[in-house]
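I opened this entry to look up a few strand pairings, one helix contact and one loop residue. My notes follow in the order in which I checked them.

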Amino acid sequence: MIRDIAFLGPEGTFTHEVASRLSNNLLTCDSINHVMDAVIGGKCSKGVVPIENSIEGSVNITLDLLVHSYDLLIEKEIIFPINHNLLAPKGVKLEDITDVFSHPQALAQCHNYLIEHNIKPHQTLSTAAASKKISNIEHSASIGTLKSAELYGLNVLEKNIQDVDNNETRFVVISNHDSRPSSNDKTSIVFSLYDDKPGGLYEILSIFANNHINLSKIESRPSKQGLGKYIFFIDLYGHRKNDKIFRVLEEVSKDTSFFKILGSYPVFKHY
């Protein structure tokens, strides 16, 4: 049976929360590679993976796989608030807790709260794994999602314990096609410059500036072809099928040694 959406598991993670808002027909995968394999192999029509966090930055494995390993396209972006919650087995109170388990990023993002309450942190592979683990450990809690509390029968002792309130993760829905043009779109591209060309990046950026195309993101990553060699990721406003955007991307592709469109999709609307 073909599932609707593959997602980076396990169940109870933020990626699971996002995927479950899109469909109930889900396939849990244990790596981003396996999510993309499921879409390429036809097990699922789409996949959901994280691509960027407002505090930690880009999810490099997602970027690298889209560039080097898979010909998939971004069909949709979803920006999801990352709110960490203190979860514990039924009957356990906040004052009983001496140890807390969670993913290293979640622990780091709740550092001040743990110091204030004198709780010792312990790392796990995921927030969901922590929530599953604590039922057998006395005086312990987990930092996890409301979804994991629901799945593993835990009480929510305190919500939103993260140190920074505006923590968000950008997830993307990937498939074998991107979206049709709408009234407000974004296009993601990646490219490399020709070697030993002074001002090469400036020339590329000037193409967008001269055509009054706004960029929402520019980032460089090692190209894996040696020190000093980089690839550049750009998010720009507009759909690749728009005549103006199409002409600009054609010009960029001619002036770069490597060029790839990662997809055009609607700009996410916060509700």
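For the bridge partners below I took two strands as paired if DSSP finds at least two bridges between them. The model is predicted.

**Entry 1: strand 12.** I started with strand 12, residues 185-192. Which residue in strand 15 is the bridge partner of S192? I found F258 there. Strand 15 covers residues 258-266, and its pairing with strand 12 is antiparallel over eight bridges. Strand 12 also pairs with strand 14, residues 230-237. That pairing is antiparallel too, with seven bridges. Within it, I noted L236 of strand 14 opposite T187.

I then checked burial along strand 12 and found eight of its eight residues buried. D185, T187, I189 and F191 point one way, while K186, S188, V190 and S192 point the other way. The residues on both sides are buried, the charged-looking names D185 and K186 included.

**Entry 2: the five-stranded sheet.** Next I traced an open sheet of five strands, in the order 8-7-9-6-10, with mixed pairing. Its edges are strand 8 (120-123) and strand 10 (155-158), each paired on one side only. From one strand to the next, the twist averages 35°. I looked more closely at strand 7, residues 99-102, which pairs with strand 8 in the parallel sense over four bridges. Here F101 has H122 of strand 8 as its bridge partner.

**Entry 3: S126.** I followed the chain to the loop between strand 8 and helix 6 (127-133), where S126 sits. Is S126 buried or exposed? Its relative accessibility is 9%, so S126 counts as buried; the cut-off I used is under 20%. Leaving out residues up to four places away in sequence, I listed P10, T13, S102 and H103 as the residues S126 touches.

**Entry 4: helix 8 and helix 9.** Last, I looked at how helix 8 (residues 200-210) packs with helix 9 (residues 243-254). The angle is about 170° and the axes are 10 Å apart. Angles over 145 degrees count as roughly antiparallel, so I recorded helix 8 and helix 9 as roughly antiparallel to each other. Helix 8 makes the contact with I204, I207 and F208, and helix 9 with V248, L249, E251 and V252. By class I logged six nonpolar residues, no polar ones and one charged residue in this contact.

Methods:
Residues numbered from 1 in each chain as written. Predicted model: local features only at pLDDT ≥ 70, side-chain atom pairs only at ≥ 80, totals over all residues. Heavy atoms only, no water. Axes fitted to C-alpha atoms, helices over the stretch in contact; angles between N-to-C directions. Helix = DSSP H or I, 4+ residues; strand = E, 2+ residues; numbered from the N terminus. Parallel < 35°, antiparallel > 145°, perpendicular 65-115°, else oblique. Contact = heavy atoms within 4.5 Å. Nonpolar A, V, L, I, M, F, W, Y, C, P; charged D, E, K, R; others polar. Buried < 20%, exposed > 50% of the residue type's maximum accessible area, 1.4 Å probe, protein only.
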